[in-house]
Amino acid sequence: MERLLDQPKTSLWTGPYVSLLCSNLVVFVGFQMLVPTLAAYIRQLNGTNLSAGLALTAVAGAALVSRSVFGMVIDRIGRKPVLLAGAVVLLVTNLLLYVVPSILAICAIRFVQGLGWGMITTALATIVSDLVPEQRMGEGIGYLAVSNVLATSISIIVGIWLMNLFGFVVMLGFSTACFVVALVLCLRTGVVPFHRDDRAVPARNLWSALFEKRAVLPSFLCFLHSVAFSGIMTFIMLFGTESGIRHIFVYFIGHVLAIMVSRPFVGRVYDRIGHSVIIVPGVLSMIIGLVLLSHSHAVPLLVVASVFYGLGFGAVQPSLQAWAINRSPFDRKGAANGTFLCSIDLGYGIGGVLMGSVASLTSYAVMYGLSPLFLVLLLAIYVTALMQQKSTGGPGMRRSQPAP
């Protein structure tokens, strides 16, 4: 199988690791700034909340297919070909958005863009998991998650600012420039030697080849988390208009600062103790954040809500991803990352339509007030799994042990 060789066994902050974090940061900035701004642009084209949600669903659906397929491809032919192909698709589809006048065409292009998004992010996550020593997986994946959240928050702030001041075309130009930089960085990525493990047991069927069964439980929990988060990603700009909060982008400043403060500590706790002491309080913190957000009509409460949600987000999602990787064999890291990232895309896709429908029938505030129901379900399933593992005598609370 493919892996990056000759790395110190416990070294984390190597040159390749830092380079990949930078590549990941640029890719996320370019892509995520399109999520809230494209929803607002579709509304400017006389589209509905449902059509704005469908644009997100198109991306998520395509990425879902892409991650499941290319997670397997990565394990079989290598990381870098998939990495480069994804970067090219992102750039070309962004250029096509300049010339499409209809909502239907936008959704079609976003579907193709979702394929590239799934390819490049799965490849990046897999290469990072190759580099990170297993005993520091929680910390290493945690910093990857920090780069994701930092990029997402920066991109949404910049995207909304550019959209409000200069319009959609200028914002799209900035996004396209990010994809150009991402392609250059991917081209400069060193050669990743490919080593096939002939001892690996072949998958019994296509489903087993596409998805890693050991990663299913953490992935499903992340799916529930992503459904709740999709409402923030897609409709926060429109919620600001509804609630009269002019500087709605402030939410993401508090969000990302909370994650950056908590993540280094949380990653070390995960590696030393396990995920149970992180995930339960993290989910509770996100529930509080969503409830406060639903009642926000001014910046101070908005910031408090963002801090609570950011602390929980920074604890839960990276811990679930590290848990999914730790549970999976080395020759299935690509499939494990694909399975986990598929859950995020599926959650965003279903959540985008579901939250948009709820908002159309009620309001964005009510939509955020109902979102914690998915996190309550996440918590119930997780605690039940831990209790079942404890009753059978297994150490389910430790990060490296198989869970039920």
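# Reading the contacts and burial

Modeller: Start with Ile 236 in this predicted model. Not counting residues up to four places away in sequence, Ile 236 touches Gly 231, Ile 248, Phe 252, Leu 293 and Tyr 368.

Biologist: What makes Ile 236 and Phe 252 count as touching?

Modeller: Contact needs heavy atoms within 4.5 Å. Phe 252 is on the list for Ile 236, so the pair meets that limit.

Biologist: How far apart are Ile 236 and Leu 293, in sequence and in space?

Modeller: They are 57 residues apart in sequence. In space, C-alpha to C-alpha, the distance is 10.0 Å. The contact cut-off applies to heavy atoms, so a C-alpha distance of 10.0 Å does not rule the contact out.

Biologist: Why is Ile 236 called buried?

Modeller: Buried means under 20% relative accessible area. Ile 236 has 0%, so it counts as buried. Its place is in helix 9.

Biologist: What makes Ile 232, Val 283 and Leu 293 stand out in the largest nonpolar core?

Modeller: These three touch the most other members of that core, which has 120 residues. Helix 9, residues 216–243, supplies the largest share of the core, 15 residues. In soluble globular proteins, nonpolar side chains tend to be buried together.

Biologist: Which residues does Ile 232 contact, leaving aside neighbours within four places in sequence?

Modeller: Tyr 251, Phe 252, Leu 290, Leu 293, Tyr 309 and Tyr 368. Phe 252, Leu 293 and Tyr 368 are also on the list for Ile 236.

Biologist: Glu 242 lies in helix 9 too. Why is Glu 242 called partly exposed?

Modeller: Partly exposed runs between the buried limit of 20% and the exposed limit of 50%. Glu 242 has 38%, so it falls between them.

Biologist: What does Glu 242 touch, not counting residues up to four places away in sequence?

Modeller: Ser 363, Tyr 364 and Ala 365. Glu 242 and Tyr 364 are 122 residues apart in sequence. Their C-alpha atoms are 7.5 Å apart.

Biologist: Now the charges. How many salt bridges does a search of the whole structure find?

Modeller: One. Arg 79 pairs with Asp 130.

Biologist: How do you know that Arg 79 and Asp 130 form a salt bridge?

Modeller: The closest N and O atoms are 2.9 Å apart. The limit is 4 Å, so the pair qualifies. Arg 79 is in the loop between helix 3 (49–77) and helix 4, while Asp 130 is in helix 5, so the bridge ties together parts 51 residues apart in sequence.

Biologist: Are Arg 79 and Asp 130 buried or exposed?

Modeller: Arg 79 is buried, and Asp 130 is buried as well.

Biologist: Helix 5 also holds Ser 129 and Thr 121. What makes Ser 129 count as buried?

Modeller: Its relative accessibility is 0%, under the 20% limit, so Ser 129 is buried. Leaving aside neighbours within four places in sequence, Ser 129 is in contact with Met 137, Ile 325, Lys 333 and Asn 337.

Biologist: And why is Thr 121 called buried?

Modeller: Thr 121 has 5%, again under 20%, so the label holds. With the same neighbours left aside, Thr 121 is in contact with Phe 28, Arg 67 and Leu 341.

Biologist: How many disulfides are found in the whole structure?

Modeller: Zero. A pair of cysteine sulfur atoms within 2.5 Å would be needed, so the search found no such pair.

Biologist: Why are Cys 186 and Cys 222 called buried?

Modeller: Cys 186 has 1% relative accessibility, so it is under the 20% limit. Cys 222 has 0%, so it is buried too.

Biologist: Turn to the surface. Which residues make the nonpolar patch of about 610 Å²?

Modeller: Val 88, Val 92, Leu 95, Leu 96, Tyr 98, Val 99 and Val 169. Helix 4, residues 80–96, gives the most, with four residues.

Biologist: What makes Tyr 98 eligible for a patch?

Modeller: A patch residue needs over 30% relative accessible area. Tyr 98 has 36%, so it passes and is partly exposed. It lies in the loop between helix 4 and helix 5 (103–131).

Biologist: What does the chain as a whole contain?

Modeller: It has 15 helices and zero strands. Of its 404 residues, 60% count as buried. The chain exposes about 15600 Å², with carbon and sulfur atoms supplying 71% of that area. Among contacts between residues at least 6 apart in sequence, 86% join residues at least 24 apart.

Methods: Residues numbered from 1 in each chain as written. Predicted model: local features only at pLDDT ≥ 70, side-chain atom pairs only at ≥ 80, totals over all residues. Heavy atoms only, no water. Patch = residues over 30% accessible without salt bridge, like charges linked within 9 Å, V, L, I, M, F, W, Y side chains within 5 Å. Areas by Shrake-Rupley, 256 points an atom, 1.4 Å probe, with all protein chains shown as cover. Salt bridge = Lys/Arg side-chain N within 4 Å of Asp/Glu carboxyl O. Helix = DSSP H or I, 4+ residues; strand = E, 2+ residues; numbered from the N terminus. Buried < 20%, exposed > 50% of the residue type's maximum accessible area, 1.4 Å probe, protein only. Core = buried A, V, L, I, M, F, W, Y, C linked by side-chain atoms within 4.5 Å.
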